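Me: I am new to this structure and would like a close look at a single part of it. Please take one stretch of the chain and connect it to what lies around it.

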Amino acid sequence: RAARIIKNLRAFARNESEPMGKVDLGQVITTAVELTEQRLRDEGVQLEWQAPGAPVFAWGGEVRLVQVFVNLINNAADAMSGQDSRRIAIDIADGPPLSVTVCDNGPGITDPEKIFEPFYSTKEVGGSEGMGLGLSISYGLVQSFGGKIRGANAEDGGAIFTVELEHWQAEQAA
């Protein structure tokens with residue numbers, strides 16, 4: 001497990017370009033969870049994630065998809081800072097379309113139309129919390145795989161981000 005985490009941290013640090021291909025979404029999300037679990041534990045965030053019993057294969061790049069889900073998990077944790085109850089739920093839906101949802105019980109999204117614009121942030125101006133590029137970069141990464149990402153307010157409160165990807169097919173590898 002430690003070797004896998006170190007491998008992913010090295011890939012992030014080098015910003016390695018990787019070929020697109022067959023990616024196990026369950027493993028991608030498990031890796032993102034491993035990379036964020038210490039922070040979530042330290043901040044008392046309850047994470048609901050159960051890897052599927054069988055692989056769910058998508059078309060994409062593993063390291064870049066991990067980056068997308070690390071960003072979504074960290075954003076959800078940021079949005080809930082200061083709340084007593086903090087919960088993130090991640091789920092894979094293996095039907096058409098193949099999708100992953102990341103839901104939180106935070107305050108929701110103030111301006112859903114602007115969240116993927118570069119430098120858009122709800123964090124304090126001049127703070128050290130980021131520059132408002134994470135969702136914009138995630139948007140570009142998901143689109144580079146032929147997928148879609150969207151964010152909305154959940155009916156029962158909080159935010160819900162949905163990442164839709166193409167199922168992996170043998171013809172794509174050829």
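Reply: A good place to start is Gly 146, which comes just after helix H4 and takes a positive phi of about 80 degrees. Most residues other than glycine have a negative phi. The model is a predicted one, and the angle of Gly 146 is a value computed from it.

The helix before this glycine, H4, covers residues 134-144, and Ser 138 has its place there. Five residues of H4 are buried: Leu 135, Ser 136, Ser 138, Leu 141 and Val 142. The cover over the buried residues of H4 includes helix H3, strand S6 (148-153) and strand S7.

Ser 138 shows this in detail. Its relative accessibility is 2%, and buried means under 20%, so Ser 138 counts as buried. Leaving out residues up to four places away in sequence, Ser 138 touches Val 68, Asn 71 and Ile 149. Val 68 and Asn 71 are themselves listed among the buried residues of H3. Ile 149 falls within the range of S6, residues 148-153.

H3 is therefore the next element to follow, because it is part of what covers the buried residues of H4. H3 runs over residues 62-79, which makes 18 residues. From its first C-alpha to its last it reaches 26 Å, close to the 26 Å expected at 1.5 Å a residue. Its buried residues are Val 63, Arg 64, Leu 65, Val 66, Val 68, Phe 69, Val 70, Asn 71, Leu 72, Ile 73, Ala 76 and Ala 77.

Two residues of that list, Phe 69 and Leu 72, stand out in the largest nonpolar core, which has 39 residues: together with Ile 88 and Ile 90, they touch the most other members. Helix H2 (25-42), H3, S4, S5, H4 and strand S7 (159-165) each supply at least two residues of this core. H3 gives the most to it, with 9 residues. H4 is thus tied to H3 in two ways: H3 helps to cover the buried residues of H4, and both helices supply residues to the core. Phe 69 touches Val 28, Ile 29, Ala 32, Val 100, Val 102 and Val 163, not counting residues up to four places away in sequence.

Two of the strands that supply the core, S4 (87-94) and S5 (98-104), have a loop between them, and Pro 97 lies in that loop. The peptide bond from Pro 96 to Pro 97 is cis, with omega near -5 degrees. Most peptide bonds are trans.

At the other extreme from Ser 138 is Pro 19, in the loop between helix H1 (2-14) and strand S1 (21-24). Its relative accessible area is 71%, and exposed means over 50%, so Pro 19 is exposed. Pro 19 is in contact with Gly 60, Gly 61 and Arg 64, leaving aside neighbours within four places in sequence. The C-alpha atoms of Pro 19 and Gly 61 are 6.4 Å apart, although 42 residues separate them along the chain.

For the wider setting, the protein has 5 helices and 7 strands, in the order α-β-α-β-β-α-β-β-α-β-β-α from the N terminus. Of its 174 residues, 39% are buried. Among contacts between residues at least 6 apart in sequence, 68% join residues at least 24 apart.

Methods. Residues are numbered from 1 along each chain as its sequence is written. This is a predicted model: local features need pLDDT of at least 70, side-chain atom pairs count only at pLDDT 80 or more; totals for chains, interfaces and linings use all residues. Side-chain values use heavy atoms; hydrogens and water are left out. Helices (H or I, at least four residues) and strands (E, at least two) are DSSP runs, numbered from the N terminus. Buried means under 20% relative accessible area, exposed over 50%, partly exposed in between (1.4 Å probe, protein chains only). Contact means heavy atoms within 4.5 Å. The expected span of a helix is 1.5 Å times one less than its number of residues. A nonpolar core is a set of buried Ala, Val, Leu, Ile, Met, Phe, Trp, Tyr and Cys residues joined through side-chain atoms within 4.5 Å.
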